[in-house]
2 protein chains.
Amino acid sequence: MTAAHTPAISLPPLANDRFLRACLRLPTDCTPVWLMRQAGRYLPEYRATRDQAGSFMGLATNPELACEVTLQPLRRYDLDAAILFSDILTVPDAMGLGLSFAAGEGPKFAKVVRDEAAVAELAVPDMDKLRYVFDAVGTIRKALADENGVGKVPLIGFSGSPWTLACYMVEGGGSDDYRLVKTLMYQRPDLMHRILAVNADAVALYLNTQIEAGAQAAMIFDSWGGVLADGAFQQFSLAYTKRVLSQLKKEHNGYRIPHIVFTKGGGIWIDEIADSGCDVVGLDWTMNLGKARAQVGDRVALQGNLDPNVLFAQPEQVQAEVIKTLDSFGKPSATSGHIFNLGHGISQFTPPDNVKVLVDTVHAHSRQLRG
Amino acid sequence: MTAAHTPAISLPPLANDRFLRACLRLPTDCTPVWLMRQAGRYLPEYRATRDQAGSFMGLATNPELACEVTLQPLRRYDLDAAILFSDILTVPDAMGLGLSFAAGEGPKFAKVVRDEAAVAELAVPDMDKLRYVFDAVGTIRKALADENGVGKVPLIGFSGSPWTLACYMVEGGGSDDYRLVKTLMYQRPDLMHRILAVNADAVALYLNTQIEAGAQAAMIFDSWGGVLADGAFQQFSLAYTKRVLSQLKKEHNGYRIPHIVFTKGGGIWIDEIADSGCDVVGLDWTMNLGKARAQVGDRVALQGNLDPNVLFAQPEQVQAEVIKTLDSFGKPSATSGHIFNLGHGISQFTPPDNVKVLVDTVHAHSRQLRG
């Protein structure tokens with residue numbers, strides 16, 4: 001019996017604590033499930049609220065509306081966790097880079113960080129500039145609670161990883177080849193390390209403030225770690241994810257706060273990520289869950305990893321693929337944990353009915369697996 | 001001593017056969033090097049010839065001009081192989097889908113394959129429609145030969161993999177999410193298998209005809225294999241790459257023809273790819289070459305895997321990263337083979353002088369490694 005399984009772990013009072021239990025590799029009646037970007041454009045009610053807010057950032061910075069869209073998928077589906085509605089890039093926005101989303105396009109920064117002068121100006125932002133996020137966390141927690149203050153499901157807080165933030169800060173937006181950020185990294189590693197150090201300390205403070213505001217788990221999205229070369233990944237992405245993790249609160253008000261790291265394309269480095277100090281490793285769909293489980297042993301729980309494109313198939317096929325994913329992880333044991341998720345954010349084109357098939361199949365089949 | 005190392009292997013007469021020897025895991029004086037897309041837009045002389053041809057397809061379909069651009073990088077750099085100037089999508093173009101390249105954009109097909117009727121029409125194309133490719137192969141071989149018919153370096157022929165061709169045929173061009181091709185794959189696996197079977201037989205015939213025309217090695221680019229989920233990769237990509245390999249000529253005119261498979265993002269499946277029947281596995285930069293070598297043992301040679309973005313750094317940094325890559329493979333042994341390459345095509349923005357630094361460093365440092 002490892003330390004993680006002693007009764008000393010204290011979990012917050014929740015009507016459904018499956019997600020937190022699986023993160024900490026405690027037994028569950030069935031496999032918990034939530035979906036990256038579950039509050040999103042595939043839901044007509046989300047689109048209506050976003051139109052009301054006027055823009056993505058208008059929505060993200062309005063705690064009442066952010067709360068509303070966070071709860072929308074929970075009204076439709078039997079999901080085991082809520083995730084704060086926000087963006088992975090709020091921290092560089094608070095650093096003064098000016099985040100915006102043009103209609104139908106990805107994120108853009110008004111200012112970019114490409115030279116010594118711009119790097120020298122970077123600093124951990126005043127958390128007051130991110131007050132809207134912490135207010136949203138508090139509002140959502142209240143909305144999730146029943147009359148006795150018992151939450152329906154836990155609330156996950158999150159941020160982009162230091163490297164992923166740096167990609168956007170240097171490129172100024174998305175990229176096909178990461179030429180600018182990698183040029184800076186290979187030409188001026190000193191500047192890149194400085195950006196990453198500031199980002200790591202800012203992300204740690206940001207996540208800790210989310211935890212203080214009520215986030216019951218913290219997830220780091222290393223969306224672009226997988227574009228790095230072996231060696232560079234360890235040095236420029238994982239090292240700074242570890243720097244965040246080492247500063248993160250592991251408990252708040254006596255309750256354990258699990259930490260999740262998701263590196264898209266990171267399956268190849270799963271061993272090293274499992275040793276980063278996190279509780280849960282998120283995986284994309286390229287990784288075989290059974291192999292991953294054998295590799296990580298009882299170091300961490302696993303989260304993932306259905307290809308979101310499966311949701312474009314017929315319900316029977318969605319069901320079959322969900323079962324295949326659950327079976328590839330296999331029967332949970334006393335020291336393993338699996339949180340079902342997609343291997344990436346849900347597509348805006350997803351038919352909402354298929355999400356119900358997915359969620360219900362996860363619960364039904366994983367109950368059978370335990371039987 | 002394995003069969004691949006008996007003196008029975010016959011290699012064509014070449015002034016420089018390092019590349020072919022490394023493919024077959026025979027000893028070499030230093031590590032051979034060539035670069036994916038080495039004949040390309042980063043070279044001003046390439047841009048001049050393309051302007052003369054009027055368009056990319058105008059250039060690819062003109063054997064004299066295709067020969068000219070194939071040879072251009074060999075005049076500048078001490079490269080150990082030439083690669084036919086062509087595109088990975090010539091086969092579906094010959095199937096009647098109408099390939100074109102808009103200025104500054106990726107490939108587009110005029111016709112797409114998304115329903116039962118379009119799939120039913122697909123057939124292995126008449127190789128006469130690809131005559132321009134085989135003519136280019138013959139022209140290049142003549143241009144590479146000295147007065148005694150001895151080639152300067154070997155010529156590599158290539159094609160896209162069945163799955164990669166299918167991605168473009170269904171999507172109609174590049175894609176961020178592969179939604180259409182994956183929807184077809186999950187919804188109608190029967191149609192996808194039919195597309196892939198036709199593609200595999202077409203690619204095999206196409207590569208064999210290139211070999212008969214003079215190609216001395218054959219490479220299959222599975223550029224989009226890495227977007228598939230574990231399980232789907234084996235079923236929809238690797239199975240059809242194997243179907244190509246099983247039909248490919250292993251010898252021509254008594255000379256051994258090595259087969260190379262490159263799956264971008266395929267490091268996670270290296271074991272299975274090494275068992276596909278190919279001679280060489282190409283790797284992108286996410287894979288550690290030392291680990292890869294330990295995994296494949298003496299089954300295949302390895303090709304790769306520098307991040308092309310390294311070429312945007314200063315010459316000293318390019319040198320250091322090339323040395324790091326060679327050292328990660330380590331000292332070649334009697335049963336190992338390494339061909340230095342990038343982990344993806346060279347960027348159009350690459351400073352040409354850095355390519356010389358790369359090539360010369362590969363030769364100099366790998367000679368030292370052997371010393």
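Student: How many residues of strand β10 (residues 301-306) of chain A are buried?

Tutor: Six of its six residues are buried, so count neighbours to see why: a residue is called buried if 20 or more other C-beta atoms lie within 10 Å of its own. Strand β10 of chain A is thus mostly covered. Keep in mind that this is a predicted model.

Student: How do I read its pairing with strand β9 (residues 280-282) of chain A?

Tutor: Start with the general idea. Strands of a sheet pair through backbone hydrogen bonds, either parallel or antiparallel. Here β9(A) and β10(A) pair in the parallel sense over three bridges. To find the register, look at A:V281, whose bridge partner in β10(A) is A:L302.

Student: Which helix does the chain pass through from β9(A) to β10(A)?

Tutor: Helix α13 (residues 289-296) of chain A. This β-α-β crossover is right-handed.

Student: What joins β10(A) to strand β11 (residues 338-342) of chain A?

Tutor: Five bridges, and the two strands run parallel. A:N305 stands opposite A:N341 in β11(A). The chain gets from β10(A) to β11(A) through helix α14 (residues 315-329) of chain A, and this β-α-β crossover is right-handed.

Student: Now chain B. In what order do the strands of its open sheet stand?

Tutor: Read across the sheet: β1-β4-β5-β8-β9-β10-β11. That is seven strands, with parallel pairing. β1 (82-83) and β11 (338-342) of chain B stand at the edges. Each has a single partner strand, so one side of each is left without a neighbour in the sheet.

Student: Which strands pair with strand β5 (residues 217-222) of chain B?

Tutor: Take one partner at a time. Strand β4 (residues 155-160) of chain B pairs with β5(B) in the parallel sense over five bridges. There, B:G157 stands opposite B:A218. Strand β8 (residues 259-263) of chain B also pairs with β5(B) in the parallel sense, over five bridges. On that side, B:I220 stands opposite B:V261.

Student: Which way do the side chains of β5(B) point?

Tutor: The general rule comes first. In a regular strand the side chains alternate between the two faces of the sheet. In β5(B), B:A217, B:M219 and B:F221 point one way. B:A218, B:I220 and B:D222 point the other way. All are buried, and the strand is mostly covered.

Student: What comes after β8(B) in the sheet?

Tutor: β9 follows in the order. β8(B) and strand β9 (residues 280-282) of chain B pair in the parallel sense over three bridges. B:I260 has B:V280 as its bridge partner in β9(B). Helix α13 (residues 289-296) of chain B lies across β9 and β10 (301-306) of chain B, running at about 165° to β10(B).

Student: How do I read the packing of helix α2 (residues 44-53) against helix α4 (residues 63-76) in chain B?

Tutor: Check distance and angle. Their axes come within 10 Å and cross at roughly 170°. That makes α2(B) roughly antiparallel to α4(B). Next, find the residues that meet. From α2(B) come B:E45, B:Y46, B:T49, B:Q52 and B:A53. From α4(B) come B:L65, B:E68, B:V69 and B:Q72. By class, the contact has four nonpolar, three polar and two charged residues.

Student: How many residues does each chain bring to the contact between chains A and B?

Tutor: Chain B gives 28 residues and chain A gives 28 residues. On the chain B side, α9 (179-187) and α14 (315-329) each supply at least two residues. The largest share, five residues, comes from α9(B). That side of chain B divides into ten nonpolar, twelve polar and six charged residues.

Note on methods. Residues are numbered from 1 along each chain as its sequence is written. Chains are lettered from A and ligands numbered from 1 in the order in which they are written. This is a predicted model: local features need pLDDT of at least 70, side-chain atom pairs count only at pLDDT 80 or more; totals for chains, interfaces and linings use all residues. Two residues are in contact if their C-beta atoms, placed from the backbone, lie within 7 Å. Helices (H or I, at least four residues) and strands (E, at least two) are DSSP runs, numbered from the N terminus. Ala, Val, Leu, Ile, Met, Phe, Trp, Tyr, Cys and Pro count as nonpolar, Asp, Glu, Lys and Arg as charged, and the others, Gly among them, as polar. Axes are lines fitted to C-alpha atoms, for helices over the stretch in contact, and angles run from 0 to 180 degrees between N-to-C directions. Angles under 35 degrees count as roughly parallel, over 145 as roughly antiparallel, 65 to 115 as roughly perpendicular and the rest as oblique. A residue is buried if 20 or more other C-beta atoms lie within 10 Å of its own, exposed if 12 or fewer, and partly exposed in between; C-beta atoms are placed from the backbone. Two strands pair if DSSP finds at least two bridges between them. A crossover is right-handed if, with the strands pointing away from the viewer, the path from the first strand over the helix to the second runs clockwise.
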